[in-house]
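Reader: I am new to this structure, and I would like to understand the terms used for it. Could you take me through them with care?

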Amino acid sequence: MKTEKKQTRTVVARVEEMPPGSMCIVPVGKFGVGVYNINGEFSAIVNYCPHRGGPMCVGQLTGETKAGEKPYSLEYSREDEFIKCPWHGWEFDIATGKAVAAPVRVRTYEVVVEDGHVVLLGAG
């Protein structure tokens, strides 16, 4: 008989306690999980860089830089949607966990809003 594993649910904060641009590290799992409010959308990533194990979520928020339409030009967008590991500068998209310059990713978790609370699913 197959038993279903119950998904863990961790209440992070009240929605009004996490306005856009805010982040908190939730002490769940081995390394903790960073929960971010990016322009009103909640995302969560493990606080562990796959490169050398750095504390990912204390890194600097940054955006995306791409080649511009004109030669030798750059365009900056998606401000504060990426995190840069404080140890070696690896950058990851917070929503997807994908690394910018390597074929690796960090683990992401689902975050939902229920009854006015930000709830982290599956971590722990």
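Author: Let us begin with one cut-off, since a residue is called buried when its relative accessible area is under 20%, exposed when that area is over 50%, and partly exposed in between. In this model, which is predicted, buried residues make up 38% of the 124 residues in the protein chain.

Reader: Why is Asn-37 called buried?

Author: Asn-37 has a relative accessible area of 5%, and the cut-off for buried is under 20%, so Asn-37 is counted as buried. Asn-37 lies in strand 3, and, with residues up to four places away in sequence left out, its contacts are Met-18, Pro-19, Pro-20, Gly-21, Ser-22 and Phe-42.

Reader: What makes Asn-39 exposed, and where is Asn-39 found?

Author: The relative accessibility of Asn-39 is 60%, and exposed means over 50%, so Asn-39 counts as exposed. Asn-39 is found in the loop between strand 3 and strand 4, and Asn-39 has a positive phi of about 55 degrees although it is not a glycine. Most residues other than glycine have a negative phi. Asp-80, which is not a glycine either, has a positive phi of about 65 degrees; Asp-80 lies in strand 6, residues 74–84, and is partly exposed at a relative accessible area of 34%.

Reader: How do you know that strand 3 and strand 4 pair, and in which sense do they run?

Author: Two strands are said to pair if at least two bridges are found between them, and strand 3 (residues 33–38) and strand 4 are joined over 6 bridges in the antiparallel sense, so the condition is met. One of the partnerships sets Tyr-36 against Ser-43 in strand 4. Strand 3 and strand 4 form a hairpin with 2 residues between them.

Reader: What makes strand 4 and strand 8 a pair?

Author: Strand 4 and strand 8 (residues 108–114) run antiparallel and are joined by 2 bridges, and the rule asks for at least two, so they too count as paired. Across this pairing, Ile-45 stands opposite Thr-108 in strand 8. Strand 4 itself, residues 41–46, is mostly covered, with 5 of its 6 residues buried. For the chain overall, the secondary structure comes to 0 helices and 9 strands.

Reader: Which residues have the most contacts inside the largest nonpolar core, and what makes a set of residues a core?

Author: A core is a set of buried nonpolar residues joined through side-chain atoms within 4.5 Å. The largest nonpolar core here has 27 residues, and those with the most contacts inside it are Val-12, Val-33, Val-35, Ile-45, Met-56 and Leu-120. Strand 1, strand 3, strand 4, strand 8 and strand 9 each supply at least two residues of this core. In soluble globular proteins, nonpolar side chains tend to be buried together. Val-35 gives an example of such contacts, since, leaving aside neighbours within four places in sequence, it touches residues including Val-12, Met-18, Val-111 and Leu-120.

Reader: Why is Ile-25 called partly exposed?

Author: Ile-25 has 36% relative accessibility, a value between the 20% and 50% limits, so Ile-25 counts as partly exposed. The place of Ile-25 is in strand 2, residues 23–26, and together with Met-23 and Val-58 it forms a nonpolar patch on the surface with about 240 Å² of accessible area.

Reader: How do you know that Arg-9 forms a salt bridge with Glu-114?

Author: The closest N and O atoms of Arg-9 and Glu-114 are 2.2 Å apart, and the rule asks for within 4 Å, so the pair counts as a salt bridge. Arg-9 lies in strand 1 and Glu-114 in strand 8, so the pair ties together parts that are 105 residues apart in sequence. Arg-9 is partly exposed at 45%, and Glu-114 is partly exposed at 32%.

Reader: Which residues does the network of salt bridges link, and how many salt bridges are counted?

Author: The network links Arg-78, Glu-81 and Asp-93, and the count comes to 5 salt bridges. Within this network, the side chains of Glu-81 and Arg-78 meet at 2.8 Å, N to O, which is within the 4 Å limit.

Conventions: Residues numbered from 1 in each chain as written. Predicted model: local features only at pLDDT ≥ 70, side-chain atom pairs only at ≥ 80, totals over all residues. Heavy atoms only, no water. Buried < 20%, exposed > 50% of the residue type's maximum accessible area, 1.4 Å probe, protein only. Helix = DSSP H or I, 4+ residues; strand = E, 2+ residues; numbered from the N terminus. Contact = heavy atoms within 4.5 Å. Patch = residues over 30% accessible without salt bridge, like charges linked within 9 Å, V, L, I, M, F, W, Y side chains within 5 Å. Areas by Shrake-Rupley, 256 points an atom, 1.4 Å probe, with all protein chains shown as cover.
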